[in-house]
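Hi,

Here is the structure I promised to pass on. Have a look at it first, and my notes follow below.

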Amino acid sequence: MNKFAKYLPFLAWIHELKDKKVLRADMVAGLTVALVLVPQSMAYAQLAGLAPQYGLYSSFFPVMIAALMGSSRQLATGPVAIVSLLTAAAIPMVVPEGADMVTYAAYASLLAFMVGFFRLAMGALKLGFVINFLSHPVVVGFTNAAAIIIATSQLNKIFGVSKGSGEQSYEQVWGTVVNATNDVHLLTLVIAIFAASIIIVIRKYQPKLPGVLIAVAITTYFSYLIDFGKPVEEGGFGGVIVGKIPEGLPSLIMPEFDFSAMSGMMVVAITIALIGFMEAIAIAKVMQAKTKQRLDINQELMGQGLANFAAGAFQGYPISGSFSRSAVNISAGAVTGFSSVVTAVLVGFTLLWLTPLLYHIPQAALAAVIMTAVLNLIKIEPIKQAWKVEKHDAVVAVVTFVLTLIAAPHLEDGILIGIILSLGLFLYRTMEPRFTELSAHDGSAMLVNALENKLERCEVVSIVKYSGSLYFANAGYFEDKILDLISSKQKCLKYIIVDMAGINWIDASGEDMLTRLLDRCSSNGVEIIFARTEGIEKVLKRAGFMDRYGENRFYDRRTDALRFAWRELGDEDAASKSPLKHLIS
């Protein structure tokens, strides 16, 4: 069974369901998550620009697949806010003008297929490490901006007014605010505030209760009693409600592979694949620390990929792991992935028999669900902490935040610029690693920074230390520092001992630079020898570098290299006067 469990992860836990305590715990947890997921998925579907039923479709079969094929037992998969927002940003770029909801949903399913393909391919090729290219500052900046964009996108539903016009999100938000100041729908606003208040109060004082479901149920019953959705001309309040949701499970409908549309959504699909999975793996790691269960990132990628394939095939849209529902799942006592299977079954039950109960849900209540969920994503403290640790990282976070807000709805532009800036600053920081000349206090055998400690330097033999990788971006810097050192010794310098203990990686540019530097210096009467090369010794041997210059160039200890240099010089008088004399005495 262990052999097959590698490819079918559910085999590792399915036998545990024989224990009635485990089975009961998973069923309770599955029910608890379903009570949150049903209203949340409908709200997130509307955030993605889809009708509410598409959120339920994405919460049925795909959730089951993610639970069975992922490595995390408690990760709750389904529609999430940021992925929904990215979906809403991608589809309008490719959908034909005047297209109906069915066509729009078909493109959303195609996007889910693309996300599934990227995640599945990354998992199969064991490329889980790629998510590390999304640095923490980039994610913090993007998440804060996305949370604000999501929250403000719901203002028209909160105030019961039409959405502002404009290509950019900030233009639409401003237009919505102007519309709200002129003609707000007071009952809609009251319902939104009431729903949000219920969620916030329950979250604070009774966090184990399904606050989202309670808020939606109460406002829905109120909407039903007063016939909130009935037009004003017919004696109603003219409020906006969910309306009729088709009964029954989603059909298997494979999306048409429109390659023109796929190329237009490519960047967003990759962004969703990475951002969504990073969110999923972050909560999975938190739960792993609590449960001590094994987490396989590449297997989780494959599970999430297959789940998105299922979403694309069954009229859903891109999904990912959810922070909030995963927290609910584990706090409710979930032991295995069966809890998510129970959740999916209950969503299916809702689609089959309970959709008439969803008819009177006010759109304002769903907007309140979204706003209360995403406001928790706004966190300033990580940016402040980044400023304390490395100011460049704080700059990256702020720039990503600002550009994402400005670029919206093209959110991928903000995060791409953030990634480029993050990598650029990394290269900048590593272009000039620490390069120091070492010396010793009189009577001491300890080597320290000669400049910082204002120590006398030896004019004939120098020991230098270089800390950092030696690659294309800083190879020239290393060469310049060596040549500057030679120039500063006024042609007295005969040997340079390079302590390479701080170098653990070298590329072809670095090796080529060392070759040219050694040949150039040797021809001018200065020999370079190396100490403590263990970090890159295998690479230098494989490149033929060590064979080319002979074993006398390489030493395990700096003192051995120094003894060789003085022996070659044969100048005992100079050695006795050197500040390095205590190293070889």
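How much space lies in the largest pocket? About 1200 Å³, where a volume is the space filled by probe spheres set on grid points joined across faces, edges and corners. A pocket here is an open set of points on a 1 Å grid over the protein atoms alone, where a 1.4 Å probe fits, with protein on both sides within 12 Å along at least five of seven lines; lining residues have an atom within 4 Å of a point.

Before going on: this is a predicted model, in which local features need pLDDT of at least 70 and side-chain atom pairs count only at pLDDT 80 or more, while totals for chains, interfaces and linings use all residues. Residues are numbered from 1 along each chain as its sequence is written, and side-chain values use heavy atoms, leaving out hydrogens and water.

The largest pocket is lined by 47 residues, and Phe323, Ser324, Ala373, Asn376 and Leu377 are the closest to its centre.

Next, helix 4 (residues 61-69; helices are DSSP runs of H or I, at least four residues, and strands runs of E, at least two, numbered from the N terminus). This helix is largely enclosed by the rest of the structure because 7 of its 9 residues are buried (under 20% relative accessible area, 1.4 Å probe, protein chains only). Among them are Pro62, Val63 and Met69. The cover over the buried residues includes helix 3 (52-57), strand 1 (77-78), helix 14 (297-313) and helix 16 (338-354).

Finally, leaving aside neighbours within four places in sequence, Ile150 is in contact (heavy atoms within 4.5 Å) with Leu47, Ala81, Ile82, Leu85, Ile370 and Val374.

Best wishes

Notes:
Buried < 20%, exposed > 50% of the residue type's maximum accessible area, 1.4 Å probe, protein only.
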